[in-house]
Amino acid sequence: MGRIRVLVVDDHRIFAEALATALAAEPEIEVGAAGSAVAAERALERAAAEGRPYDVALIDADLSAAAGRPGQRPRTAPPAAVLPPPRREAPPGRPQGHVHTHTHTHTHSLAVAAPGSGDGIALLARVLRSHPALRAVVLAGSDDPRRAVRALQAGAVGWVAKESSLARLLAVVRGVLRDETHLSPALLTGVVRELTSARRDRTESERLVGTLTPREEEVLRCMVAGLGRQAVAERLYLSPHTVRTHMQNVLGKLGVHSTLAAVAVARRAGITPSEPLPQSVPSASAPTVASSAGPGAG
């Protein structure tokens, strides 16, 4: 296996620099650093253009915590600065010196990303669209099954709590390079529970929607499209009073008390919005106001 190149990007500079230094202590790892999501994306693009693409991205899940505040400019760091391994004590009988840091063409790379536009999971999805061969691992302050599901759906192959040991992080980095997916046992249990719950909610929502009459389902689709009572009446050629009755029946059968809640059930059941009515196009033979006005009109 070639060298593993690491790009560390995090809004907490002390954490990022400490992580970069720790990773650089490993003989097969070369580390770079970026201070924002934008810098991380540029570093990934530059590395790919140079024929040395990054293989693994460690992405801070909470990138938007600092970058999302109005008026605050994200901190920047030197783009993809390569950090050499720290000086080590030589074994007895050998001269002291720095570990050899020469790189060659066949390298593996690791990126750790942080603030910028959107949260870390959004950044993860973005970079995977641009660099599909990249392995993305989320770094988080704690295990969060719901966010982990989002990350996995976006293409992440691992989730590591920041309180984890360096040995654990290195095991994850090396594992994902072998096409493994890494979640802690406790988080895996939570992720399975979330996925099971989501499927159960969808099944129950489908059952509830299945109790609606065809006309009530039409009304529900109009509700999903955001139409009010009068607009639904015009769309379905019904009186507002009839639409109100249908809406009340829909809420009752779905077991909810508001239009918003009904829409949520419909979405879980896969109900799509009602299609907008086609715009009427004037016939080519029909005169318009402008064309019907002769020179002496007015």
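## Tyr237 and the turn into α10

Tyr237 sits in the loop between α9 and α10. This is a predicted model, and in it the phi of Tyr237 comes out near 55 degrees, a positive value in a residue other than glycine. With a relative accessibility of 71%, Tyr237 counts as exposed, because the cut-off for that class is over 50%.

Now step into helix α10, which covers residues 240–254 and holds His246. His246 has just 16% relative accessibility, so this residue counts as buried, the limit being under 20%. Setting aside neighbours within four places in sequence, His246 is in contact with Arg215, Glu216, Val219 and Leu238.

## Helices α8 and α9

Helix α8 takes in residues 214–224 and helix α9 residues 229–236; their axes lie 10 Å apart and the packing angle is about 125 degrees. That angle makes α8 oblique to α9. As for handedness, α8 passes α9 in a right-handed crossing.

Who touches whom here? On the α8 side it's Arg215, Glu218, Val219 and Cys222, and they meet Val232, Arg235 and Leu236 in α9. Sorted by class, the contact has 4 nonpolar and 3 charged residues, with no polar ones. Two of these names have come up before: Arg215 and Val219 are also among the contacts of His246.

## Helices α2 and α4

Another helix pair to look at is α2 (residues 37–49) with α4 (residues 120–130), whose axes come within 11 Å and cross at roughly 20 degrees. Angles under 35 degrees count as roughly parallel, so that is the label for α2 and α4. The crossing of these two helices is right-handed.

From α2, the contact uses Ala37, Glu41 and Leu44, while α4 brings in Leu123, Arg126 and Val127. The class tally for α2 with α4 is 4 nonpolar, no polar and 2 charged residues.

## Another positive phi: Asp179

Asp179 isn't a glycine, yet it has a positive phi of about 65 degrees. Where does Asp179 sit? It's in the loop between α6 (166–176) and α7 (185–209). Its relative accessible area is 63%, so Asp179 is exposed.

## Two spots where distant sequence meets

Gly2 lies in the segment before β1, the strand at 3–9. Buried or exposed? Gly2 has a relative accessible area of 19%, and since buried means under 20%, this glycine is buried. Gly2 and Glu28 are 26 residues apart along the chain, but their C-alpha atoms are separated by 7.2 Å.

Ser142 belongs to the loop between β6 (135–140) and α5 (145–154). This serine has 48% relative accessibility and therefore counts as partly exposed. In sequence, Ser142 and Glu163 are 21 residues apart; C-alpha to C-alpha, the gap in space is 7.8 Å.

## The whole chain

Stepping back, the protein has 12 helices and 7 strands. It runs to 298 residues, and buried ones make up 40% of them. Take the contacts with a separation of 6 or more: 74% of these are between residues 24 or more positions apart.

On the outside, the accessible surface comes to about 16500 Å², and carbon and sulfur atoms account for 56% of that.

Methods. Residues numbered from 1 in each chain as written. Predicted model: local features only at pLDDT ≥ 70, side-chain atom pairs only at ≥ 80, totals over all residues. Heavy atoms only, no water. Helix = DSSP H or I, 4+ residues; strand = E, 2+ residues; numbered from the N terminus. Buried < 20%, exposed > 50% of the residue type's maximum accessible area, 1.4 Å probe, protein only. Contact = heavy atoms within 4.5 Å. Areas by Shrake-Rupley, 256 points an atom, 1.4 Å probe, with all protein chains shown as cover. Axes fitted to C-alpha atoms, helices over the stretch in contact; angles between N-to-C directions. Parallel < 35°, antiparallel > 145°, perpendicular 65-115°, else oblique. Left-handed = near helix turned anticlockwise from the far one by under 90°. Nonpolar A, V, L, I, M, F, W, Y, C, P; charged D, E, K, R; others polar.
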